[in-house]
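User: Please take one close look at the salt bridges in this model, explaining each term as you go. I am new to this structure, so a careful, connected account would help.

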2 protein chains.
Amino acid sequence: MANSPSGDSVTDRIVRILETFTPTRTVQTASDIGRRAGLPPSTAHRVVGDLVDAGLLDRDPEGRVRVGLRLWELATRSSHALRVRQAALPAMERVQARVREHTQLAILEQDEALFLERLSHPQAGANITRIAGRLPLHAASSGLVLLAFGGPELQERILAGPLRRVSPSTPTDPGALRRTLAEVRRLGHAIAPGYIEEVSTGVAVPVRDRAGRAIAALSVVLPREAPTAPAVEELRRAARDVETALAAPA
Amino acid sequence: MANSPSGDSVTDRIVRILETFTPTRTVQTASDIGRRAGLPPSTAHRVVGDLVDAGLLDRDPEGRVRVGLRLWELATRSSHALRVRQAALPAMERVQARVREHTQLAILEQDEALFLERLSHPQAGANITRIAGRLPLHAASSGLVLLAFGGPELQERILAGPLRRVSPSTPTDPGALRRTLAEVRRLGHAIAPGYIEEVSTGVAVPVRDRAGRAIAALSVVLPREAPTAPAVEELRRAARDVETALAAPA
């Protein structure tokens, strides 16, 4: 009953509609949404109307829609993302106060690094990362620690490729990446000079569970030639604090 | 086609399912969800299965489900909540560093104060507020400024009641509340001693648009007998900074 003749469920259509909204495309007409979601105009108008009625999308006086606060509320109030982020925020604030660059928290989601939080210093340099944005695991320092401490199955799946080039310095050779991951495990941190943007170096450490698996990655983005050792020290201390906070009863 | 015989759409059922998850109930079985959402077991299992397939809910090895990171990501990445919160966070951090108590950001949503952010000092006192949680407008200092600077239509709707008593000090008399709101407009801030919890006083200021309407409320929660003037000054300065940040191009 909930399935269309083409076999996609209403849930699928809702997801396809939500996926058309991005950090740089926050307001759209129902027609635009239908076109971008690959839905017939009548279907798009009907499902968008249902979502507006339910409060998951908001319609403005011009008839354009955006993601509703109600959806944010329902998605956030009981989410694992919020618990990890709340456990990490005090430690991230301390890192940011000392390193004075972008400080970030990422977790593994569908074989990518999903950023849960980013604190930005007003004078900090370039940074492509956005909250609720993603980066490929092999291309970001956060991703490298999630990968290095994520278990062999994940590692082999990512090494099997494709390894997309984000900048000219992104490692795209599986053999070199395998050696990098061994080095990350040995050192306990990852340095990614220019992997994402040529002007920046990412530095990340894992936040681990009792079994040593990465739960999350804490990172900072430094100017390309800045020394990395002080940031590594701050991040290590922060990761221990987050591990303690996560181990405490909720 | 997307409607059941009882007339509720699949979207409605999805919302009812999501609404069963709360800050203190983050993991449930499909059967529990169906019971709490008022859905027949077969419907609950089918829609929960669709949501798991779409990644909006995650299922653990024991078969229990929780709100998925994918839903958080889709709800957050293009949301108005995130833009307001990002504009406010640096100013909130400054308030928190100086006042050293809970510092909060709320906006108006469906005639309630919805909290977008909360920074908590380790030594800060009691505080009922949660991120993505709500409080009644008349009972919280944040709500009072959203109400006082929210326009006459909103104010009359709330004054018409009911005005729920949250603590013995919550104002529930419409006449007294009307005088309080006039005072909040005159002073430019709200003080709510014991309205939510007897041991605490909320202090809030509005973040306003060019027309003077409240976009958001910045607040701190102080111990009941603490002086409020220093917090009001910090919050006022922060509100001006947030107004400037929100007026800047995105």
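Analyst: A good starting residue is B:Arg35, which is exposed, with a relative accessible area of 57%, where exposed means over 50%, buried under 20% and partly exposed in between, using a 1.4 Å probe and protein chains only. This is a predicted model, in which local features need pLDDT of at least 70 and side-chain atom pairs count only at pLDDT 80 or more, while totals for chains, interfaces and linings use all residues. Residues are numbered from 1 along each chain as its sequence is written, chains are lettered from A and ligands numbered from 1 in the order in which they are written, and side-chain values use heavy atoms, with hydrogens and water left out.

B:Arg35 pairs with B:Asp32 in a salt bridge whose closest N and O atoms are 3.1 Å apart; the term stands for a side-chain nitrogen of Lys or Arg within 4 Å of a carboxyl oxygen of Asp or Glu. The partner, B:Asp32, is partly exposed, at a relative accessible area of 24%. Both residues belong to helix 2 (residues 30-37) of chain B and are three residues apart, so about one helical turn separates them. Helices (H or I, at least four residues) and strands (E, at least two) are DSSP runs, numbered from the N terminus.

Elsewhere, salt bridges that share partners link A:Glu19, A:Glu112, A:Arg134, B:Arg70 and B:Glu73 into one network. Within this group, B:Glu73 forms a salt bridge with A:Arg134, and their closest N and O atoms lie 2.5 Å apart. That pair crosses between chains, running from B:Glu73 in helix 4 (residues 69-76) of chain B to A:Arg134 in strand 5 (residues 134-136) of chain A. B:Glu73 is buried, with a relative accessible area of 1%, whereas A:Arg134 is partly exposed at 22%.

Another salt bridge brings together the side chains of B:Arg85 and A:Glu117, at 2.3 Å from N to O. Because B:Arg85 sits in helix 5 (residues 80-99) of chain B and A:Glu117 in strand 4 (residues 112-119) of chain A, this pair also joins two chains. Here B:Arg85 is buried, its relative accessible area being 6%, and A:Glu117 is buried as well, with a value of 1%.

Taken over all chains, the count comes to 34 salt bridges, and the three described here are among them.
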